[in-house]
Every structure is written in C-alpha cells, then in structure tokens.
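User: I should like to examine the side-chain interactions in this structure. Please state the criteria as they arise.

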Amino acid sequence: MIRGIKFASIPVTNQDRALAFYTEKLGFRVLTDQPFSDEQRWIELGIPGADTRIVLFSFAGALKPGDLMNVTFWSDDVEATARELNSKGVEFVMEPKRESWGTSSMFKDIEGNRFLLSSK
C-alpha cells in the first residue's frame with residue numbers, strides 16, 4: 001500500500017548554490033549530503049514539520065532547471081510566508097491571491113524553477 005511521497009526531485013545546475021538557497025532562504029534542513037557519482041552528490045533535504053523530502057539533483061537530458069515544477073508547497077498563512085520569504089530575497093512571480101478555494105502565490109528558486117505556494 002502506498003503511504004505517501006518519499007521525496008520530490010528538483011533539477012539544479014549548481015548543487016552548492018541550490019543547497020544554500022533551500023537551507024538559508026527556505027529554512028529546509030540537510031538530511032543527506034554524500035557523493036552520488038563523479039559529477040554530483042545526493043542532497044536530500046527535510047522540510048521542518050513535514051515527512052516529504054526534497055532532493056537537489058542534476059538530470060542530464062531530462063528535467064531542466066527553470067521550468068514550472070509539479071510541486072506545490074503549502075502554508076497555514078500564504079501571505080505571511082510570502083512576506084517572510086520575500087524579506088530573505090526569494091523572488092515571487094505571483095503575489096498571494098485569494099480565491100474561493102484558498103490563497104496561492106508563486107516563487108522561483110535560485111535556478112529559476114517555479115513553485116506554487118498554497119493554503120492547505
């Protein structure tokens with residue numbers, strides 16, 4: 001029986017730069033950072049209070065940095081979270097918008113990947 005999502009992989013070109021962004025700006029914590037191959041490391045991050053993990057990985061010929069990712073982060077207060085992240089230099093491409101179903105916003109990571117931030 002499937003119990004949930006173990007991790008979501010995010011394509012990056014520079015693992016060190018991406019690691020700094022996700023830990024310093026978004027507040028994720030490093031769970032694993034070890035060699036994976038001659039070209040890259042396996043970097044697995046935890047989101048405080050969540051079971052799902054994020055992997056910063058380079059995908060040769062597959063996923064490319066800069067696209068809209070099929071990952072949506074949720075927050076109890078999208079507007080407050082957007083203000084906090086914006087104050088840390090995170091670029092938002094869509095300011096928080098209230099809809100009948102909830103509130104959402106969109107931000108970019110250091111590689112240009114775009115993520116939706118949504119209310120639960």
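User: Which residues are linked in a network of salt bridges?

Analyst: This is a predicted model, in which local features need pLDDT of at least 70 and side-chain atom pairs count only at pLDDT 80 or more, while totals for chains, interfaces and linings use all residues. Residues are numbered from 1 along each chain as its sequence is written, and side-chain values use heavy atoms, with hydrogens and water left out. A salt bridge is a side-chain nitrogen of Lys or Arg within 4 Å of a carboxyl oxygen of Asp or Glu. Arg41 pairs with Asp16 at 2.8 Å, N to O, and with Asp33 at 2.7 Å, and the network consists of Asp16, Asp33 and Arg41.

User: How many residues apart in sequence are the parts that Arg41 and Asp16 tie together?

Analyst: Helices (H or I, at least four residues) and strands (E, at least two) are DSSP runs numbered from the N terminus. Arg41 belongs to strand 3 and Asp16 to helix 1, so their salt bridge ties together parts that are 25 residues apart.

User: Is Asp16 buried or exposed?

Analyst: Buried means under 20% relative accessible area, exposed over 50%, and partly exposed in between (1.4 Å probe, protein chains only). Arg41, at 22%, is partly exposed, as is Asp33 at 37%. Asp16 has a relative accessibility of 51% and therefore counts as exposed.

User: What is the distance between the closest N and O atoms of Lys108 and Glu91?

Analyst: Lys108 is in strand 7 and Glu91 in strand 6, 17 residues apart. Their relative accessible areas are 24% for Lys108 and 44% for Glu91. They form a salt bridge whose closest N and O atoms are apart by 3.8 Å.

User: Which side chain is joined to that of Ser75 by a polar contact?

Analyst: Ser75 lies in strand 5 and is buried, because its relative accessible area is 10%. A polar contact is a pair of N or O atoms within 3.5 Å; within protein, one must be able to donate a hydrogen and the other to accept it, and residues adjacent in sequence count only if both atoms are side-chain atoms. At 2.6 Å, the partner of Ser75 is Thr81.

User: Which element gives the largest share of the largest nonpolar core?

Analyst: A nonpolar core is a set of buried Ala, Val, Leu, Ile, Met, Phe, Trp, Tyr and Cys residues joined through side-chain atoms within 4.5 Å. The largest one has 25 residues, of which Tyr22, Ile54, Leu56 and Phe73 touch the most other members. Elements giving two or more residues include strand 1, strand 5 and helix 2. The largest share, four residues, comes from helix 1.
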